[in-house]
Amino acid sequence: MTQAEIKLCSLLLQEHFGEIVEKIGVHLIRTGSQPIRVIVHDTGTSLDQVKKALCVLIQHNLVIYQVYRRGMVEYEAQCSRVLRMLRYPRYIYTAKTLYNDTGELIVEELLLNGKMTMSDLVKKVADRLTETMEDGKTMDYAEVSSTFVRLADTHFVQRCPLVHVTENSDPGPLPPAPTLVINEKDMYLVPKLSLIGKGKRRRSSEDDATGEPKAKKPKHTTDNKEPTPDDGIYWQANLDRFHQHFRDQAIVSAVANRMDQTSSEIVRTMLRMSEVTTRSSAPFTQPLSSNEIFRSLPVGYNISKQILDQYLTLLADDPLEFVGKSGDSGGGMYIINLHKALGSLARASLESVVQERFGSRCARIFRLVLQKKHLEQKQVEDFAMIPAKEAKDMLYKMLSENFISLQEIPKTPDHAPSRTFYLYTVNILSAARMLLHRCYKSIANLIERRQFETKENKLDASEIQVDETIFLLESYIESTMKRQ
């Protein structure tokens with residue numbers, strides 16, 4: 001955990017939840033897993049405030065707990081999950097793009113509240129939509145429920161783990177902390193609810209404009225209120241599924257830029273067919289036959305089966321290897337190599353940064369070293385057709401910034417410089433981590449600057465743009481580490 005990440009987590013927690021939650025969250029990020037009495041002692045915060053802060057952090061999946069021997073409960077911050085708060089606007093915008101205003105508000109409410117039951121969520125969203133409608137119009141609960149079901153079917157929302165209930169009639173003493181479990185096949189199972197009603201508007205204050213005191217209304221007791229059928233079944237946004245969608249969109253865009261719109265539409269169709277059947281962390285999609293892909297192309301997309309096969313062959317033969325052929329049955333079986341696609345996107349981000357930071361000649365050298373893997377300085381000068389002095393200066397600039405590295409290969413055990421090869425190379429994983437660290441630092445600076453500025457929305461677009469680079473680099477690093 002770098003200082004840049006800790007600083008960014010601190011800014012995000014303070015912006016979303018306030019100083020007390022930020023203080024407890026950052027303390028756990030710095031120290032690791034700790035019991036509540038140690039948190040109280042080390043932070044100098046009252047027990048009541050620590051408990052409330054932990055409840056907020058657990059509600060939003062930012063802290064997890066674990067029960068150890070002798071009933072000791074320790075709490076641990078999830079730094080990676082805290083950093084995901086950067087992406088909240090992007091999650092919400094994606095839901096709006098795919099499922100209109102209703103989907104946008106469903107995801108927004110889940111992100112704002114952490115976890116909610118379906119019935120409470122539907123009513124809240126219906127009320128918010130009704131507020132934006134013309135007078136006399138209201139949003140029906142059934143319409144909101146329908147959008148929620150679509151989000152669950154496509155795995156953008158999922159059930160939260162439930163408290164494990166033992167069947168023993170004599171439960172004995174309660175455990176110090178509940179055990180939460182979830183059956184994987186139930187994660188996207190929507191309870192059958194008959195939510196009948198329409199959204200309500202908040203009462204206008206015009207009736208009270210005369211200044212007359214409001215008449216007291218009799219209080220209605222809610223003690224006998226019956227629980228809803230989905231009481232205890234909570235839902236949350238499935239961030240991994242959103243990340244899968246972002247990755248797929250980046251791959252489709254890369255194919256469109258490299259080839260053409262038809263190729264990108266074929267790849268989009270393959271990714272759409274695999275979005276629920278392929279895990280978000282899988283290195284490649286499930287094999288799809290040419291016949292299946294042809295049947296799944298968008299309605300009105302008029303290309304023949306023969307042309308589709310030609311495009312698939314062209315994609316499979318492309319040096320980037322986004323698409324691979326895995327068999328010949330069903331007209332040919334094809335996969336999308338997600339790991340190689342993420343690697344290509346990460347390389348493109350690195351090349352773009354090098355060009356912006358050092359200029360086009362440095363970018364040429366960087367691409368050359370990437371392509372050739374290992375090069376001596378004289379080889380760089382010859383291949384790049386750049387004078388020796390300039391090439392040397394550019395190589396050392398990139399070396400000092402950790403975009404490229406120098407590998408020593410001695411001819412003799414004494415490592416004498418005159419008998420040693422010095423090869424320039426690009427360690428993509430190391431360079432990606434370095435750039436990711438700089439992106440975290442940049443976003444922290446942007447947030448601080450935005451807070452300083454009087455105009456709230458001045459730098460929001462910059463934060464979102466840097467986060468797009470963070471997402472690509474994180475995805476590539478995670479995919480690479482899983483394959484090692």
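**Briefing: a cavity lining and a buried lysine**

Ten names define the place to look: Ala 254, Val 255, Arg 258, Met 259, Leu 315, Asp 318, Leu 320, Glu 321, Phe 322 and Val 323 line the largest cavity. The model is predicted. Its protein chain has 484 residues, and 43% of them are buried. One buried residue, Lys 115, gets its own section below.

**The cavities**
- Rolling a probe the size of a water molecule over the atoms reveals where empty space remains.
- The count is 2 cavities of 30 Å³ or more.
- The largest cavity has a volume of about 70 Å³.
- Helix α9 (residues 239-258) gives the largest share of that cavity's lining, with 3 residues.

**Lys 115**
- Lys 115 sits in the loop between α6 (88-113) and β4 (116-117).
- This lysine is buried but has no salt bridge.
- Asp 120 is the nearest side chain of opposite charge, and it lies 14 Å away.
- The Lys 115 side chain does reach the backbone oxygen of Ile 58, at 3.0 Å.
- Beyond its neighbours within four places in sequence, Lys 115 is in contact with Ile 58, Gln 59, His 60 and Asn 61.
- Leu 110, Cys 160, Tyr 234, Trp 235 and Gln 236 are also in contact with Lys 115.

**The whole chain**
- The protein chain has 18 helices and 13 strands.
- Its C-alpha atoms fill a box of roughly 95 × 65 × 60 Å along the principal axes.
- Among contacts with a separation of 6 or more, 64% link residues 24 or more positions apart.

Note on methods:
Residues are numbered from 1 along each chain as its sequence is written. This is a predicted model: local features need pLDDT of at least 70, side-chain atom pairs count only at pLDDT 80 or more; totals for chains, interfaces and linings use all residues. Side-chain values use heavy atoms; hydrogens and water are left out. Helices (H or I, at least four residues) and strands (E, at least two) are DSSP runs, numbered from the N terminus. Buried means under 20% relative accessible area, exposed over 50%, partly exposed in between (1.4 Å probe, protein chains only). Lys and Arg count as positive and Asp and Glu as negative; His and the chain ends are not counted. A salt bridge is a side-chain nitrogen of Lys or Arg within 4 Å of a carboxyl oxygen of Asp or Glu. A polar contact is a pair of N or O atoms within 3.5 Å; within protein, one must be able to donate a hydrogen and the other to accept it, and residues adjacent in sequence count only if both atoms are side-chain atoms. Contact means heavy atoms within 4.5 Å. On a 1 Å grid over the protein atoms alone, a cavity is a set of points where a 1.4 Å probe fits but cannot get out, and a pocket is an open set with protein on both sides within 12 Å along at least five of seven lines; lining residues have an atom within 4 Å of a point. Grid points are joined across faces, edges and corners, and a volume is the space filled by probe spheres set on the points.
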